[in-house]
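Hi,

Here is the model I said I would pass on. Have a look at it, and then read my notes underneath.

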Amino acid sequence: MLKWSVILLVVAVIAGIFGFFNLVAAAAGLAKILFFVFLVLFIVSLFTGRRGRSM
C-alpha cells in the first residue's frame, strides 16, 4: 500500500509541474496532432493491409 502511495505522489508532483509551467497546452496540442496522424495511418493500413491467404 505504501508503494502505491509513493507512485501516486510522484504522479501528482509531475502533473503539478506540468500544470505550473503551462506544458499541458503544448502536450495537448501535440497529442491532438499525433491522434490525427495515427488515425490516418490506421485508415490507410486498413485499405492496404495484407489479406489472408485462401487455402
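Below is what I found, starting with the helices.

First, the ground rules: this is a predicted model, with local features needing pLDDT of at least 70 and side-chain atom pairs counting only at pLDDT 80 or more, while totals for chains, interfaces and linings use all residues. Numbering runs from 1 along each chain as its sequence is written, and side-chain values use heavy atoms, with hydrogens and water left out.

Helix α1 covers residues 2-20 (helices are DSSP runs of H or I, at least four residues, numbered from the N terminus). Its end C-alpha atoms sit 27 Å apart, which agrees with the 27 Å expected for 19 residues (1.5 Å times one less than the number of residues). Just after α1, N22 has a positive phi of about 60°.

The surface has a nonpolar patch of about 1,200 Å² accessible area, made of L2, V6, L9, V10, V13, I14, I17, F18, F20, F21, L23 and V24. Patch members have over 30% relative accessible area and no salt bridge (Lys or Arg side-chain nitrogen within 4 Å of an Asp or Glu carboxyl oxygen), with nonpolar side chains joined within 5 Å; areas are Shrake-Rupley with a 1.4 Å probe. Both α1 and α2 (23-48) give two or more residues to the patch, and α1 gives the most, with nine. V10, in α1, is partly exposed at 43% relative accessibility (buried is under 20%, exposed over 50%, partly exposed in between).

There is one aromatic pair (ring centres within 6.5 Å; planes under 30 degrees apart are stacked, over 60 edge-to-face, the rest tilted). The F35 and F36 ring centres are 5.3 Å apart with planes at 70°, so the pair is edge-to-face. F36 is partly exposed, at 46%.

Cheers

Terms used: Rings of Phe, Tyr and Trp (its six-membered ring) pair if their centres lie within 6.5 Å; planes under 30 degrees apart count as stacked, over 60 as edge-to-face and the rest as tilted. Buried means under 20% relative accessible area, exposed over 50%, partly exposed in between (1.4 Å probe, protein chains only). Patches are made of residues with over 30% relative accessible area and no salt bridge: like charges are joined within 9 Å, nonpolar side chains (Val, Leu, Ile, Met, Phe, Trp, Tyr) within 5 Å.
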